[in-house]
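Let's take a tour of a small report on one protein model. Have the sequence and the 3D view open while you read.

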Amino acid sequence: KPPLPAFPARVAVVTSPTGAALRDILSVLGRRNSGIRITVLPAAVQGDQAPEAIVRQIEAGLQACA
């Protein structure tokens with residue numbers, strides 16, 4: 001695997017679009033690298049459907065970057 005870049009140009013976040021985690025991630029990324037492109041891939045993160053929803057969004061994100 002290639003190493004992760006020290007300063008990536010873009011980041012995809014798979015999480016609930018209404019949760020506190022997203023606000024925290026956006027806040028930290030904004031402070032550390034205000035020029036970064038952030039893509040939010042919404043997914044349920046709790047409950048029985050969460051694992052499948054997360055996997056689908058990761059796969060969709062990987063296809064979009066290819």
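## Thr 15, a buried spot in a strand

Keep in mind that what you see is a predicted model. Let's start with Thr 15, which sits in strand β1. Is Thr 15 buried or exposed? Its relative accessibility is 10%, and buried means under 20%, so Thr 15 counts as buried.

Who is around it? If you skip the neighbours within four places in sequence, Thr 15 is in contact with Ala 21, Leu 22, Leu 41, Pro 42, Ala 43 and Val 45. Try clicking through those residues in the viewer.

## The overall layout

Now zoom out. The protein has 2 helices and 2 strands. Walking from the N terminus, you meet them in the order β-α-β-α. Imagine a box drawn along the principal axes: the C-alpha atoms fill roughly 35 × 30 × 15 Å.

How much of the protein is tucked away? Of its 66 residues, 18% count as buried. On the outside, the protein exposes about 5,200 Å², and carbon and sulfur atoms supply 58% of that area. As for contacts, take those with a separation of 6 or more: 60% of them are between residues 24 or more positions apart.

## Gln 57 and its partner

Next, hop over to helix α2, where you'll find Gln 57. Gln 57 counts as buried because its relative accessibility is 17%, and the cut-off for buried is under 20%.

What does the side chain of Gln 57 reach? It gets to the backbone oxygen of Pro 42, at 2.6 Å. Pro 42 also shows up among the contacts of Gln 57, along with Val 14, Leu 41 and Ala 43, once neighbours within four places in sequence are set aside. Leu 41, Pro 42 and Ala 43 may ring a bell, since Thr 15 is in contact with them too.

## The largest pocket

Time to look for empty space. Rolling a probe the size of a water molecule over the atoms shows where such space is left. Here, the largest pocket holds about 310 Å³.

Which residues lie nearest the centre of the largest pocket? They are Val 11, Ala 12, Thr 39, Gly 61 and Cys 65, out of a lining of 14 residues. Three elements supply at least two lining residues each: β1 (10–15), β2 (37–42) and α2 (50–65). The largest share comes from α2, with 6 residues. Sorted by chemistry, the lining has 9 nonpolar residues, 3 polar ones and 2 charged ones.

## Leu 29 and Pro 8

Two more stops. Leu 29 belongs to helix α1 (residues 20–32). Leaving out neighbours within four places in sequence, Leu 29 is in contact with Val 11, Ser 34, Ile 36 and Ile 38. You've met Val 11 already, as one of the residues nearest the centre of the largest pocket. Leu 29 and Pro 3 are 26 residues apart along the chain, and their C-alpha atoms are separated by 20 Å.

Pro 8 is found in the segment before β1. It has a relative accessible area of 26%, so Pro 8 is partly exposed, the label for values between 20% and 50%. Not counting residues up to four places away in sequence, Pro 8 touches Asn 33 and Ile 36. Ile 36 is also on the contact list of Leu 29. Finally, Pro 8 and Gly 35 are 27 residues apart in sequence, with 9.9 Å in space from C-alpha to C-alpha.

Conventions:
Residues numbered from 1 in each chain as written. Predicted model: local features only at pLDDT ≥ 70, side-chain atom pairs only at ≥ 80, totals over all residues. Heavy atoms only, no water. 1 Å grid on protein atoms, 1.4 Å probe; cavity = no way out; pocket = protein on both sides within 12 Å on 5 of 7 lines; lining within 4 Å. Points joined across faces, edges and corners; volume = space filled by probe spheres on them. Helix = DSSP H or I, 4+ residues; strand = E, 2+ residues; numbered from the N terminus. Nonpolar A, V, L, I, M, F, W, Y, C, P; charged D, E, K, R; others polar. Buried < 20%, exposed > 50% of the residue type's maximum accessible area, 1.4 Å probe, protein only. Polar contact = N/O pair within 3.5 Å; in protein donor to acceptor, adjacent residues only side chain to side chain. Contact = heavy atoms within 4.5 Å. Areas by Shrake-Rupley, 256 points an atom, 1.4 Å probe, with all protein chains shown as cover.
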